[in-house]
Protein chains: 2
Amino acid sequence: MSETAPRVPDEAESEDVVNPWSVSSSSGKGVDYNKLIERFGCTALDDGIRQRLQSAIGDTPLHHLIRREIFFAHRDIAPILTRIENKQPFFLYTGRGPSSTAMHVGHLLPFIITKWFQDVLNVPLVIQLTDDEKFLWKDMTYEEAFHLAFENARDIIALGFDPKKTFIFSNFRFMGQCPEFYQNIVKIQKCVTMNQVRGIFGFGDSDSIGKIAFPAVQAAPCFPSSFPFIFGAMKDVPCLIPCGIDQDPYFRMTRDVAPRLNYPKPSLVFSTFFPALQGAQTKMSSSDPNSSIFLTDSDKVIKTKINKHAFSGGKATVEEHRLLGGDCDVDISYQYLRFFLESDDELDRIKQEYSSGKMMTGELKKILIELLQKIVGEHRAKRAEVTDEVVKEFMTPRPLLL
Amino acid sequence: MSETAPRVPDEAESEDVVNPWSVSSSSGKGVDYNKLIERFGCTALDDGIRQRLQSAIGDTPLHHLIRREIFFAHRDIAPILTRIENKQPFFLYTGRGPSSTAMHVGHLLPFIITKWFQDVLNVPLVIQLTDDEKFLWKDMTYEEAFHLAFENARDIIALGFDPKKTFIFSNFRFMGQCPEFYQNIVKIQKCVTMNQVRGIFGFGDSDSIGKIAFPAVQAAPCFPSSFPFIFGAMKDVPCLIPCGIDQDPYFRMTRDVAPRLNYPKPSLVFSTFFPALQGAQTKMSSSDPNSSIFLTDSDKVIKTKINKHAFSGGKATVEEHRLLGGDCDVDISYQYLRFFLESDDELDRIKQEYSSGKMMTGELKKILIELLQKIVGEHRAKRAEVTDEVVKEFMTPRPLLL
């Protein structure tokens, strides 16, 4: 069966909206990911996969984003695991739509896990900045979108990617640097009809032809022939894509097209969504400054935002809280700690104390405030070290270590 | 009113099919061009325009393709005439879809008139080879389409274009050489909806997203900012496009989009179609070797094809022909002479003698055979002189004489 024809959701399921442009849920716990796995036709990232990955990488422990099932699902990860076990080449591909100068902490997640994969597995990585997509979808000039791609590249580089193994590109610029990229895009476009993108992405007659054509631009980096300066004549090197589950439609389409072009299908690992400070009903929005912690927020702003806006799972009164304890499943401060606090022991202790009523909301928030002040502060310092020269190096098409 | 909303044809008119992929007529005289002018909403290229052009260029006589109304219609040529009169800059843009190694003599027409404009007006010229379009529309590999672009470039160069003023490009290659080209394409794509390309080009849900996106690729060279190496920061230089009337839908769309991008609208001059040897009901097809004279045909093949296949307007018997004369309006040999015989006096004499019955079909065909043998023979010789180095020079992005 075609991967681009997921099961049509019934009434009850259709409350969760998940696509590359909109994510929302009516539940305080957020999107029902089990139902989403079934609906999208992907596979849970279960203990068996985690154990196999752990065996393949040796002594390094799995990243907490994997241990805690924040990366919760996959498509076809087995061939990549086999390649890791057999020391055969593959590459990593992830990306970002540069819609705002200020990235929020949730935007870091795919890059944090991708960096971990790169460090542990020692493989090349390509990062696509879809400035063309943002120009097409947003009320934004070309110049703004192009500029944001470079600003966001600075934040991504600050995470510590290895310049010998990492190529970052703006679509607007890279298209004019590499004929093979456009060639693959047109080859993909020839395989996909309006009917298909209508079904996969919900595009309609009032959508611009740029939007309709764009999915092929996000698909093309899945194929090593789009990067001849990295892969030369190697056409059969597959990629692993860490990304949010909302990006799956692009890669369902790509996986359907790949065999027709005699190209390898991409494999994927999917993360859950990073919740807004106000609660897990919505994905965060870069356009609402209070919906998350931004990488540009000062220590004071971080403290104020969390104290004022972070949805609490605590009880209404001290007495009630001490008696009944807080609800970690909906408490945003606890949820954020799941994403960013590395120590499992400490996270367990916090969960135990908060849900038993021993820890109050104020104490929990204080832990998160200090952690995010540290993370954002360190990021700010590292970002300041990323010179224009360094950005240029990462964004120049060049051979990478394979 | 939007230029992209031409009047819907009524029943009688709808017999002539004219779009970039299909041209056919039920009349032996071919497409009814007066009705087409009305339907497309363009303007007849009349005596007033011809006189103004003649005054502007001085002593050089108008090209016979213009004198004989083979270039019969235009869109908005007045601003270009004003620029010629005021010695202000503009540029020429034409193109070709490289669908076959062998171009036929009809394929030369837009290039013949374009070369004349370049020689007379001394302006830069860009020639787009739409290998991506042919790959998308035809059952053809990327490699074939790309190769044909370079083969066709050789034929075009053989016509004698000035390398100091002419840039020829394959879309597949140029896209990877010039970021500004892709930038303009995406800017255009943002302004055009599926609804619009459905109305203008008849695209439907079963068409590939490549086809749906393509019109922006043909539109982008209308704007000087797609060629920064030629025009630098000059964004307001308009273009004049000599082309077949079947290409008008692309440029109706472009003219609608241009003001929204603050770019100049292109102006156009349109030619009629070059008829098939078998008669004017159809545009010629590169896939039927007997439908026309190809630039690769030997003298013997030219002679056989014309004698055997060229539709005759002569009468059934010698006696009848001597009495009633031939019908030049449907006689393909005479029609081909209108395209290729430069001398008006000689053409008039032939018409007079043939339609009066003094000249027989065999004599008429002999004149055409000798003329085309000469033209094709000279082309063959000139094409042989076009080295790979020369092709490379024409196809390298570089400054041109403005």
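How many Å should the 24 residues of helix α19 of chain A span, and how far apart are its end C-alpha atoms? I looked up residues 361-384 of chain A: the expected span (1.5 Å times one less than the number of residues) is 34 Å, and the end C-alpha atoms are 34 Å apart, so the two agree. Helices here are DSSP runs of H or I, at least four residues, numbered from the N terminus.

I noted that this is a predicted model, in which local features need pLDDT of at least 70 and side-chain atom pairs pLDDT 80 or more, while totals for chains, interfaces and linings use all residues. Residues are numbered from 1 along each chain, chains are lettered from A, and side-chain values use heavy atoms, without hydrogens and water.

Next I listed the buried residues of α19(A) (under 20% relative accessible area, 1.4 Å probe, protein chains only); among them are A:Leu364, A:Lys365, A:Gln373 and A:His379. The buried residues pack against α7, α15, α16, α17 and α18 of chain A.

Then I turned to the interface. Contact (heavy atoms within 4.5 Å) takes in 38 residues from chain A and 37 from chain B. B:Tyr182, B:Lys190 and B:Ile209 supply 24% of the area that chain B buries against chain A, more than any other three residues. The two chains bury about 3100 Å² between them, 66% of it on carbon and sulfur atoms; buried area is the accessible area (1.4 Å probe) lost on putting two parts together, summed over both.

I found 2 salt bridges across the interface, taking a Lys or Arg side-chain nitrogen within 4 Å of an Asp or Glu carboxyl oxygen. A:Asp205 forms one with B:Arg198, with the closest N and O atoms 3.0 Å apart.

How values were computed
Helices (H or I, at least four residues) and strands (E, at least two) are DSSP runs, numbered from the N terminus. Buried means under 20% relative accessible area, exposed over 50%, partly exposed in between (1.4 Å probe, protein chains only).
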